[in-house]
Amino acid sequence: MGVPSEFSRIIDSVAEGHKLSWLMRLVHRLAYYYLRLRNKPICFSLVGAEGTAVGEPLEVQHLRLYDMSEHAVCGALTGKVLLEGLRINAYQVVDYQPLNDDWAKSKIQPRWV
């Protein structure tokens with residue numbers, strides 16, 4: 001499964017705009033809060049080991065329901081892209097640990113493919 005080139009171009013423009021000025025960072029922060037309020041994170045692709053690792057691995061706690069791990073990971077990566085200006089368009093699941101009957105913890109590596 002590949003990452004669409006249009007999505008990668010959008011992430012590139014966000015990363016460049018983040019470096020450009022404080023006004024663009026403010027716009028990205030407002031976009032992040034808008035997406036968080038609506039509970040609609042940016043959808044990132046799940047990949048294997050292809051691409052380049054970006055930053056440190058993240059630990060994300062989530063409900064053990066069908067698609068909650070993907071939703072929680074995409075929410076965390078949305079924050080990394082919009083608030084920190086990281087160039088991420090995919091992620092790799094490094095580790096998955098069930099914590100109890102309801103919760104689990106996933107360790108992910110953000111990637112650029």
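**Fold, strand pairing and main pocket of the predicted model**

Buried residues account for 33% of the 113 residues in the chain. The model is predicted. Three helices and five strands make up its secondary structure. Read along the sequence, these elements follow the pattern α-α-β-β-β-α-β-β. The radius of gyration is 14 Å, close to the 13 Å that the globule rule gives for 113 residues, so the chain is as compact as a globular protein of that length. The C-alpha trace spans about 45 × 30 × 20 Å along its principal axes. Contacts in the chain were also sorted by separation in sequence. Among those between residues at least 6 apart, 70% join residues at least 24 apart.

Strand pairing centres here on S4. Strand S4 covers residues 90–98, and strand S1 covers residues 45–46. The two pair in the parallel sense, over two bridges. In this pairing, Leu-46 stands opposite Tyr-91 of S4. Strand S4 also pairs with strand S5, which covers residues 103–112. Here the strands run antiparallel, and eight bridges join them. Tyr-91 appears again in this second pairing, where Tyr-91 stands opposite Pro-110 in S5. Tyr-91 thus has Leu-46 opposite in one pairing and Pro-110 opposite in the other. S4 and S5 form a hairpin, with four residues between them.

Two residues of S4 were examined in turn. Ala-90 lies in this strand. Is Ala-90 buried or exposed? At 0% relative accessibility, Ala-90 counts as buried, because the cut-off for buried is under 20%. Beyond its neighbours up to four places away in sequence, Ala-90 touches Val-3, Phe-44, Ser-45, Val-47, Gln-109, Pro-110, Arg-111 and Val-113. One of these contacts, Val-3, is 87 residues from Ala-90 along the chain. The C-alpha atoms of Ala-90 and Val-3 are separated by 7.4 Å.

Asp-95 has its place in S4 as well. With a relative accessible area of 32%, Asp-95 is partly exposed. Leaving aside neighbours within four places in sequence, Asp-95 is in contact with Lys-105, Ser-106 and Lys-107. Ile-108 is 13 residues from Asp-95 along the chain. The C-alpha atoms of Asp-95 and Ile-108 are separated by 7.0 Å.

The largest pocket was considered next. It holds about 190 Å³ of space. Its lining consists of Tyr-32, Leu-35, Arg-36, Asn-39, Pro-41, His-71, Ala-72, Gly-75, Ala-76 and Thr-78. Two elements give two or more residues to this lining: helix H2 (22–38) and helix H3 (68–84). H3 supplies the largest share, five residues. By class, five lining residues are nonpolar, four are polar and one is charged.

Asn-39 is one of the residues that line this pocket. Asn-39 lies in the loop between H2 and S1. Its relative accessible area is 51%, and Asn-39 is exposed. The backbone of Asn-39 was also examined. Most residues other than glycine have a negative phi. Phi of Asn-39 is near 60°, a positive value in a residue other than glycine.

Two helical residues complete the account. Ser-13 is found in helix H1, which covers residues 5–20. Ser-13 is partly exposed, with a relative accessible area of 44%. Ser-13 and Lys-40 are 27 residues apart in sequence. From C-alpha to C-alpha, Ser-13 and Lys-40 are 20 Å apart in space. Leu-23 is found in helix H2. Leu-23 is partly exposed, with a relative accessible area of 46%. Along the chain, Leu-23 and Gln-97 are 74 residues apart. Their C-alpha atoms are separated by 40 Å.

Definitions and conventions. Residues numbered from 1 in each chain as written. Predicted model: local features only at pLDDT ≥ 70, side-chain atom pairs only at ≥ 80, totals over all residues. Heavy atoms only, no water. Pairing = 2+ DSSP bridges. 1 Å grid on protein atoms, 1.4 Å probe; cavity = no way out; pocket = protein on both sides within 12 Å on 5 of 7 lines; lining within 4 Å. Points joined across faces, edges and corners; volume = space filled by probe spheres on them. Nonpolar A, V, L, I, M, F, W, Y, C, P; charged D, E, K, R; others polar. Rg over C-alpha atoms; globule rule 2.2 N^0.38 Å. Buried < 20%, exposed > 50% of the residue type's maximum accessible area, 1.4 Å probe, protein only. Contact = heavy atoms within 4.5 Å.
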